[in-house]
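Good morning, colleagues. Please have the sequence and the structure open before you as I speak.

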Amino acid sequence: GANGFWGLKTHDPVSQPPTTLFWFDENGANARELGIVNLSGVNIKADGLAMSPAGGLFAFQVNAVGGSRLLTLDSTTAVATVVGPVLSGRIIRGATFMLSGRLLAFDYALRELLAVNPTTGEQVGAAVALSTNLDATTTAGDLTQMPDGSLLFAYHEFLYQLNPRNGTLMQIHRDTAP
């Protein structure tokens, strides 16, 4: 329903503020930087961008006082609003809304999948450990659900099919291009 792609890009060479919210058409045209993600006028580091079934943008502030916390993002200004508490010890790097409306997030710190209540920002139930020992040299990681209901997890150069119930990852592609 977005008729395009939304994304967040943090500052290089290391992931630090500022984080830029961007958008481009389905065909890759009309790329636009929409703004620097800020919270109460302060530039922040954010990741785990996910669009709700209603079209709202959610993300996680990374390293917010030793963890991550759920935010909503204004799609035209990139202004963030805090939804809930800091999830202590968590570094959320990827997120997606399931077709059911459930928000799932990838915690890079513990290599776990967790459900987060999009209304309160709190973790729902127990986290699920991912079954594969993921390379610790990257902080990249993201999730999406396909129209057939399958969950995909991208990590570094790998693309996996992910079973959200038990954390099993099955590699389906590896991008070996530099």
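Confidence in the protein chain is lowest in strand β1, residues 4-11, where the mean is 84, and highest in strand β9, residues 80-82, where it is 98. This is a predicted model. The mean pLDDT of the protein chain is 89, with 92% of its residues at 70 or more. As a general caution, predicted coordinates should not be read in detail where pLDDT is low.

I turn now to the sheets. Strands β11, β12, β13 and β14 form an open sheet in that order, and the pairing is antiparallel. The edges are taken by β11 (92-97) and β14 (123-129); each has a single partner strand, so one side of each is left without a neighbour in the sheet. From one strand to the next, the twist averages 20 degrees. Within this sheet, strand β13, residues 112-116, pairs with β14 in the antiparallel sense over four bridges. Opposite L113 one finds V128 of β14.

The second sheet I wish to present is also open: it has four strands in the order β15-β16-β17-β18, paired antiparallel. Its edge strands are β15 (142-145) and β18 (169-174), each of which pairs on one side only. The twist here averages 25 degrees from one strand to the next.

Let us walk across that sheet, strand by strand. β15 is joined to strand β16, residues 151-155, by four bridges, and the two run antiparallel. One bridge partner to note is L151 in β16, which is matched with Q145. β16 then pairs with β17 over five bridges, again in the antiparallel sense. Here the bridge partner of F153 is Y160 in β17. The hairpin of β16 and β17 has two residues between the strands, and in it H156 adopts a positive phi near 55 degrees.

The next step is from β17 to β18, an antiparallel pairing over five bridges. Y160 stands opposite Q171 in β18. Six residues lie between β17 and β18 in their hairpin, and G167 in the turn has a positive phi of about 80 degrees.

Which side chains of strand β17 are buried, and which are not? Along this strand, residues 158-162, the side chains alternate. F158, Y160 and L162 point to one face and are buried, whereas L159 and Q161 point to the other face and are not buried.

That brings me to the aromatic residues. How many aromatic pairs does the structure hold? There are nine. One of them, formed by F153 and Y155, is stacked, with 5.8 Å centre to centre and 25 degrees between the planes. The term stacked applies here because the planes are under 30 degrees apart. Both F153 and Y155 are buried.

These two rings belong to a cluster: ring pairs link F106, F153, Y155, F158 and Y160. Two members of the cluster, F158 and Y160, are among the buried side chains of β17 already described. F153 and Y160, as I noted, are also bridge partners.

Finally, a charged residue and a ring. R111 lies over the face of Y108, at 4.2 Å from the ring centre.

To close, I return to two points. The sheet of β15, β16, β17 and β18 is open and antiparallel, and F153, Y155, F158 and Y160 are joined with F106 through ring pairs. Thank you for your attention.

Note on methods: Residues are numbered from 1 along each chain as its sequence is written. Side-chain values use heavy atoms; hydrogens and water are left out. Rings of Phe, Tyr and Trp (its six-membered ring) pair if their centres lie within 6.5 Å; planes under 30 degrees apart count as stacked, over 60 as edge-to-face and the rest as tilted. Buried means under 20% relative accessible area, exposed over 50%, partly exposed in between (1.4 Å probe, protein chains only). A charge sits over a ring if NZ of Lys or CZ of Arg is within 6 Å of the ring centre and within 35 degrees of the ring normal. pLDDT is the predictor's confidence in each residue, from 0 to 100. Two strands pair if DSSP finds at least two bridges between them. Axes are lines fitted to C-alpha atoms, for helices over the stretch in contact, and angles run from 0 to 180 degrees between N-to-C directions.
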